[in-house]
Amino acid sequence: MRIKLIGCEVLFRELCDAAARAPHQTDIEFLPKGIHDLGGERMRGEIQARVDAVAQGAYDAIALGYGLCGMGLHGLEARHTQLVLPRAHDCIALLLGSRERYQEHFESHPGTYYRSTGWLERGQSIQQIAQNRTGAGLSLEELVARYGEDNGHYLYDELTRYRTAYHRLAFIETGLEADSRFEEESRWQAAEQGWRFEKIQGDLSWIRRLLTGEWWEEEFLVVQPGERVRATWDDRIVRVEEIRRVSAGGLR
């Protein structure tokens, strides 16, 4: 089987590791994680363009190294090759190995900010993406200089409000780290924010099954040509929907 993998660079190390272990021929294309900041519709458009660029008949499947990721896959269409994607909310669930473990962590450890090697290695501070679009991460003085006294103070209060929502930073260790520098950076970020630091063990089995072809229904959605991805807002995360095209004679 030949697989085309389109994935987020946050999972660069993990997806490359999975491809190296998989029995199938896999060609990999990574997209910058900054597309998450575009919003769900525009993120989907970016991924759809890469899916559409895959030549018809070149692969048996297009695997997506993404979770639903803020509705970024909602509405994604399979044109001529089946799509396979994890039934995951986001990359944190993938790094933890299951939806169940993801839910358990979020329920038992509310107020946790999760970090991984990919999030750190790919040049993201906690506020970097938001800063590019909104000014988050700028100092109060910089915001006042840019937006004026009243607006600057208001924006500073709003953009730093997230700090009160978190009290713990968890670094997900996957076993693919070359050294301890990303763990140490996470410890430093936690200390800077006044949060408690904890290291938790990741589980790469779910990511690896994406490329071995073990597409169990409870873990993966397989979208056939002529179908699209739809969010479900339940524990399935996503489902398929048949695409209805408008022709001269009406819907078909």
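A cavity is a set of grid points where a 1.4 Å probe fits but cannot get out, and its volume is the space filled by probe spheres set on the points. The exercises below concern a predicted model.

**Exercise 1.** Determine how many cavities of 30 Å³ or more the structure holds, and describe which residues line the largest cavity.

Solution. Begin with the general idea: rolling a probe the size of a water molecule over the atoms shows where empty space is left. A search of the whole structure with this approach finds 1 cavity of 30 Å³ or more, and the volume of the largest cavity is about 30 Å³. Next, list the lining, which consists of Leu 11, Leu 15, Gly 65, Pro 86, Leu 94, Trp 206, Ile 207 and Leu 210. Sorting these residues by character gives 7 nonpolar and 1 polar, with no charged residue. Since Gly is counted as polar, the polar member of the lining is Gly 65. Finally, ask which element contributes most: helix α11, residues 205-212, does so with 3 residues.

**Exercise 2.** Work out the strand order of the sheet of 5 strands, and explain why one side of β2 and of β8 is left without a neighbour.

Solution. The sheet is open, its strands follow the order β2-β1-β3-β4-β8, and the pairing is mixed. Reading this order from end to end, we find β2 (25-31) and β8 (220-223) at the edges, where each has a single partner strand, and therefore one side of each has no neighbour in the sheet. Neighbouring strands here are turned against each other by 20 degrees on average, direction ignored. For a closer look at one pair, take β1 (residues 2-8) and β2, which run parallel and are joined by 7 bridges; within this pair, Gly 7 stands opposite Phe 30 of β2.

Then add the helices. Helix α1 (residues 12-21) lies across β1, β2 and β3 and runs at about 170 degrees to β2, while helix α2 (residues 40-52) lies across β1, β2, β3 and β4, at about 150 degrees to β2. Gly 40 belongs to helix α2, and, leaving aside residues up to four places away in sequence, Gly 40 touches Gly 70, Met 71 and Gly 72. The C-alpha atoms of Gly 40 and Leu 73 are separated by 7.4 Å, although these residues are 33 places apart along the chain.

**Exercise 3.** Describe the sheet of 3 strands, and state which strands the helix that packs on the sheet touches.

Solution. This open sheet has the order β5-β6-β7, with parallel pairing. Its edges are formed by β5 (112-115) and β7 (196-201), each of which has a single partner strand, so one side of each lacks a neighbour in the sheet. On average, neighbouring strands are turned by 25 degrees against each other, direction ignored. Between β5 and β6 (residues 168-173) there are 4 bridges, and Arg 115 has Phe 171 in β6 as its bridge partner. Helix α10 (residues 181-193) packs on this sheet, where it touches β5, β6 and β7, and its direction makes about 175 degrees with that of β6.

**Exercise 4.** Describe how β9 and β10 pair, and explain which parts the salt bridge between Glu 77 and Arg 228 ties together.

Solution. In general, strands of a sheet pair through backbone hydrogen bonds, either parallel or antiparallel. Strands β9 and β10 (residues 238-242) pair in the antiparallel sense, over 5 bridges. Two of the facing pairs can be named: Val 229 stands opposite Val 240, and Glu 227 has Glu 242 as its bridge partner. The two strands form a hairpin with 6 residues between them, and in the turn Trp 233 has a positive phi of about 60 degrees.

Now turn to the salt bridges, of which the structure holds 21. In one of them, Glu 77 is joined to Arg 228, with the closest N and O atoms 3.0 Å apart. Because Glu 77 lies in the loop between β3 and β4, whereas Arg 228 lies in β9 (residues 227-231), the pair ties together parts that are 151 residues apart in sequence.

Terms used: Residues are numbered from 1 along each chain as its sequence is written. This is a predicted model: local features need pLDDT of at least 70, side-chain atom pairs count only at pLDDT 80 or more; totals for chains, interfaces and linings use all residues. Side-chain values use heavy atoms; hydrogens and water are left out. Two strands pair if DSSP finds at least two bridges between them. Axes are lines fitted to C-alpha atoms, for helices over the stretch in contact, and angles run from 0 to 180 degrees between N-to-C directions. Contact means heavy atoms within 4.5 Å. On a 1 Å grid over the protein atoms alone, a cavity is a set of points where a 1.4 Å probe fits but cannot get out, and a pocket is an open set with protein on both sides within 12 Å along at least five of seven lines; lining residues have an atom within 4 Å of a point. A salt bridge is a side-chain nitrogen of Lys or Arg within 4 Å of a carboxyl oxygen of Asp or Glu.
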